[in-house]
Protein chains: 2
Amino acid sequence: MVDPIAALAAPRRREILRLVWREERAAGEIHRELGDVTFGAVSQQLRQLEHAGLVAVRADGRRRLYRARPEALGPVGEALAAIWDDALYRLKIRAELESSRRGPRRRPTSAKGRRR
Amino acid sequence: MVDPIAALAAPRRREILRLVWREERAAGEIHRELGDVTFGAVSQQLRQLEHAGLVAVRADGRRRLYRARPEALGPVGEALAAIWDDALYRLKIRAELESSRRGPRRRPTSAKGRRR
DNA sequence: AGATCACTTTAGTAAAAACTAAAATAAAAA
DNA sequence: TTTTTATTTTAGTTTTTACTAAAGTGATCT
């Protein structure tokens, strides 16, 4: 992926972007905040956002701090921020994630079973 | 699909939306303008844009006229329009579509071969 | 009526995307 | 130096999406 607007497609990525919009956050914090995906999945989405230029990373000890780069979206960035400031919109997004979950999830963190 | 921003994900849909942004166009016109997809595929993408509230349809004889509904995108709509007015961006999108084609295509229109 | 035109819908395929589980890396603590 | 913590990467699976081909619908023309 390389196109910033396409990177906004997935609600998951938009949620992550919103989390790091105002302030830096460590990957783990983001994972905990989202709750219903593995750490690996979050890391992968962060990578995509990074490749699209939508976030920047900075190492801090063993943590990695992410922050949004609104410049990458140009005028769309401001528009998006305006939407995010709207509390109703926030509820809507929550509901969306909720209903698009593909089955019961119990906050997985890394791994447990055996497959390969 | 129901989320307008997610509907902007595919470059193809963005291209279609841009075509109907300023003026109404018939489905067939849009198909001819795009060139490298079947009529059916265009019709399907129009349906998605419609479900996301991004376009409105109106029947005119046997044609169906589509037009954009920028309101559906709120402030993002204006931002997007600003981007589209930029000629460089238009070239970029073209190149994107060009390189994401999944094989050689020779302007298919409906059907020809036999499969099922 | 039948033919044709403009378009939609359905069925099936193929490619892309998102995810899980597990292994790998790398800094810091013990 | 071993262990723990934070995160990334890889491999494989499942889900979703975009597409083609072909059949279906309905308005207009003859």
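Modeller: A cavity is a set of grid points where a 1.4 Å probe fits but cannot get out. The volume of such a cavity is the space filled by probe spheres set on its points. The model before us is predicted.

Colleague: How many cavities of 30 Å³ or more does a search of the whole structure find?

Modeller: The search finds 2 cavities at that cut-off. The second largest cavity has a volume of about 30 Å³.

Colleague: Which residues line the second largest cavity, and how do they divide into nonpolar, polar and charged?

Modeller: The lining draws on both chains: Ile5(A), Leu8(A) and Val76(A) from chain A, with Ile5(B), Leu8(B), Val76(B) and Leu80(B) from chain B. By class, the lining has 7 nonpolar residues, no polar and no charged.

Colleague: What is the order of helices and strands along chain A?

Modeller: Chain A holds 6 helices and 3 strands, and along the sequence they follow the pattern α-α-β-α-α-β-β-α-α. As for contacts in chain A with a separation of 6 or more, 59% of them join residues 24 or more positions apart.

Colleague: What share of chain A is buried, and what area does the chain expose?

Modeller: A residue counts as buried when its relative accessible area is under 20%. Buried residues make up 43% of the 116 residues in chain A. The chain exposes about 7200 Å², of which carbon and sulfur atoms supply 49%.

Colleague: Why is helix 5 of chain A described as largely enclosed by the rest of the structure?

Modeller: An α-helix has 3.6 residues a turn, so residues three or four places apart point the same way. Helix 5 of chain A covers residues 75-84, and 7 of these 10 residues are buried, so the helix is largely enclosed by the rest of the structure. The buried residues are Val76(A), Gly77(A), Ala79(A), Leu80(A), Ala81(A), Ile83(A) and Trp84(A). In chain B, helix 5 (residues 75-84) is mostly covered, with 7 of its 10 residues buried; among them are Val76(B) and Leu80(B), which also belong to the cavity lining.

Colleague: Where is Val20(A) found, and is this residue buried or exposed?

Modeller: Val20(A) lies in the loop between helix 2 (11-19) and strand 1 (25-26) of chain A. With a relative accessible area of 1%, Val20(A) falls below the cut-off and is therefore buried. Beyond four places in sequence, Val20(A) touches Arg25(A), Ile30(A), Val55(A), Tyr66(A), Arg67(A) and Ala68(A). The C-alpha atoms of Val20(A) and Arg69(A) are 9.2 Å apart, although 49 residues separate the two along the chain.

Colleague: Which residues does Ala56(B) contact outside its neighbours within four places in sequence?

Modeller: Ala56(B) is in contact with Leu65(B), Tyr66(B), Arg67(B) and Arg69(B). Ala56(B) belongs to strand 2 (residues 55-60) of chain B and is buried, with a relative accessible area of 14%. From Ala56(B) to Val20(B), 36 residues apart in sequence, the C-alpha distance is 9.9 Å.

Colleague: Is Arg12(B) buried or exposed?

Modeller: Arg12(B), in helix 2 (residues 11-19) of chain B, has a relative accessible area of 18% and so counts as buried. The C-alpha atoms of Arg12(B) and Gln45(B), 33 residues apart along the chain, are 8.1 Å from each other.

Colleague: Over which residues of chain A does pLDDT stay under 50?

Modeller: Where pLDDT is low, the predicted coordinates should not be read in detail. In chain A, pLDDT stays under 50 over residues 100-116, for which the model has 12 contacts beyond four places in sequence. The mean pLDDT of chain A is 79, and 72% of its residues reach 70 or more.

Methods: Residues are numbered from 1 along each chain as its sequence is written. Chains are lettered from A and ligands numbered from 1 in the order in which they are written. This is a predicted model: local features need pLDDT of at least 70, side-chain atom pairs count only at pLDDT 80 or more; totals for chains, interfaces and linings use all residues. Side-chain values use heavy atoms; hydrogens and water are left out. Helices (H or I, at least four residues) and strands (E, at least two) are DSSP runs, numbered from the N terminus. Buried means under 20% relative accessible area, exposed over 50%, partly exposed in between (1.4 Å probe, protein chains only). Contact means heavy atoms within 4.5 Å. Accessible areas come from the Shrake-Rupley method with a 1.4 Å probe; for residues, only the protein chains shown count as cover. On a 1 Å grid over the protein atoms alone, a cavity is a set of points where a 1.4 Å probe fits but cannot get out, and a pocket is an open set with protein on both sides within 12 Å along at least five of seven lines; lining residues have an atom within 4 Å of a point. Ala, Val, Leu, Ile, Met, Phe, Trp, Tyr, Cys and Pro count as nonpolar, Asp, Glu, Lys and Arg as charged, and the others, Gly among them, as polar. pLDDT is the predictor's confidence in each residue, from 0 to 100.
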